[in-house]
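Visitor: I'd like a close look at one part of this protein, the place where two of its helices pack against each other. Could you walk me through that pairing and then through what surrounds it?

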Amino acid sequence: MFLRKKLKTSPKVAAKPDKPDLAEKPDLLDGLPDDLVVYILSKLSSSASCPSDFINVLLTCKRLNHLGLHPLVLSKAGTNTLAIRAKNWSESAHRFLKLCVNAGNTDSAYALGMIRFYCLQNQGSGTSLMAKAAIKSHAPALYSLSVIQFNGSGASRNEKDLRAGVALCARAAFLGHIDAVRELGHCLQDGYGVRQNIVKGRRLLVEANAREFMQSSPLPLTRTPHPKRLHCGSTTSGCPLLSDFGYNVGEPEMHPVNRFLKEWFESGKGELTPGLRLCSHRGCGRPETRSHEFRRCSVCGTVNYCSRGCQALDWKLRHKKECVPMDRWIIEDDGDGVEGMEIVGAGNVGPV
Ligand SMILES: [Zn+2]
Ligand SMILES: [Zn+2]
């Protein structure tokens, strides 16, 4: 169709005898030295907005295919270039990620590590790939390993290592990983795997909220009343920006790896063993590796989370509207360490 249109609209050009045929023109790409093409492809692999933007260039010709798989190009592949969707998972996608890992790309080590650990049931290799990324200070890999340690994922309940979880989480938090900052805040506040330090814990929770606010899309600083406030008449003191009541902070963008996990299990591409559940936080996608691995909301018992961080964030974004009414959970206290109240009340709602 394109060809027909072209012939129709440019008869004069075609009629000119001195105009050289396009097919006869020398390909300018052939004149470029390999190192320059590798440099250009590295720029493309680091900035492509999705895997196909990069892969389609590799499919153009033999030379680009060869140079596109150069370790220098693969080592620069960015998060979006590696963001393979679950529905597109194949042996060649697996091979592509492996080549990136071999080229020293930490993002791909993390992505393939998560996929192998949670989707392909290859926990040993998944952990070692994540460790490979974590050694190079890859914050999401450090955080994911900490979640695995906190839950004893892939092992028995008795093999939880809370101290290792806190150490990994602290390293990820130091690197500015928001979920890790929130998780560490809850650990310190509750004395979970670390000596209790309520003030420090609270400070980290405030920091997580502030970082989240800064990273969210530029929203006007308008205040919207919390829906439950009208019913319970509660007022919040302190800085409203950092509390759960007040400003609308947009839902954080989902990391491509978390999107992969979620789509993998929800689309049926991967089967979740009967009795195992996905983390109820929509932006997570982690599945349980054994039954009752994740913590439940002890107020309603209908949702479960891989981490305190996921629980607190989901509460803020969604679950507070679905759980029991606020007036009930404020009054109710069975003194049994109500997880939902503990995390939500102290972490996000209380005065700052
Ligand atoms: Zn609940
Ligand atoms: Zn989660």
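Guide: Here is a tour of one helix pair, followed by the loops and the core around it. Bear in mind that this is a predicted model. For orientation, the protein has 19 helices and two strands, and 35% of its 352 residues are buried. Of the contacts between residues at least 6 apart in sequence, 60% join residues at least 24 apart.

The pair to look at is H9 and H16, which covers residues 256–266. Their axes come within 10 Å and cross at roughly 25°. Since angles under 35 degrees count as roughly parallel, H9 is therefore roughly parallel to H16. The crossing itself is right-handed.

Now for who touches whom. H9 brings Tyr110, Ala111, Met114, Ile115, Tyr118 and Cys119, and these meet Val257, Phe260, Leu261 and Trp264 of H16. If the spacing of those numbers looks familiar, recall that an α-helix has 3.6 residues a turn, so residues three or four places apart point the same way.

On the H16 side, the buried set is Val257, Asn258, Phe260, Leu261, Lys262, Trp264 and Phe265. Note that Asn258 and Lys262 are in that list too. H9 is part of what covers these residues.

Have a look at the ends of H16 as well. Pro256 sits in this helix, and it counts as partly exposed because it has 19 C-beta neighbours inside 10 Å, where 20 would make a residue buried. Beyond its neighbours within four places in sequence, Pro256 is in contact with Thr79 and Ala83. Its C-alpha atom is also 9.9 Å from that of Gly283, 27 residues along the chain. Past the other end, H16 is followed by Gly268, which has a positive phi near 90°.

Back to H9, and on along the chain from there. The loop between H9 (106–119) and H10 (123–135) holds Gln121. Gln121 is not a glycine, yet its phi is positive, about 55°. It is exposed, because there are just 12 other C-beta atoms within 10 Å and 12 or fewer is the cut-off for that label. The next loop, between H10 and H11 (139–151), has a similar feature: Ser137 is found there, and Ser137 also has a positive phi, about 60°, without being a glycine. Ser137 has 13 C-beta neighbours inside 10 Å, so it counts as partly exposed.

One residue of H9 takes us into the interior. Met114, which we met facing H16, is among the residues with the most contacts inside the largest nonpolar core, along with Cys169 and Leu184. That core has 67 residues.

Cys169 leads to H12, residues 162–174, a helix of 13 residues that reaches 18 Å from first C-alpha to last, close to the 18 Å expected. Buried in H12 are Gly165, Val166, Leu168, Cys169, Ala170, Ala172 and Ala173, and their cover includes H11 and H13 (178–190). Looking at Cys169 itself, and leaving aside neighbours within four places in sequence, you find contacts with Tyr143, Ser146, Ala180, Glu183, Leu184 and Cys187. Leu184 in that list is another of the core residues named above. After H12 comes Gly176, again with a positive phi near 90°.

Definitions and conventions. Residues numbered from 1 in each chain as written. Chains lettered and ligands numbered in written order. Predicted model: local features only at pLDDT ≥ 70, side-chain atom pairs only at ≥ 80, totals over all residues. Helix = DSSP H or I, 4+ residues; strand = E, 2+ residues; numbered from the N terminus. Contact = placed C-beta atoms within 7 Å. Core = buried A, V, L, I, M, F, W, Y, C linked by C-beta atoms within 7 Å. Expected span 1.5 Å × (residues − 1). Axes fitted to C-alpha atoms, helices over the stretch in contact; angles between N-to-C directions. Parallel < 35°, antiparallel > 145°, perpendicular 65-115°, else oblique. Left-handed = near helix turned anticlockwise from the far one by under 90°.
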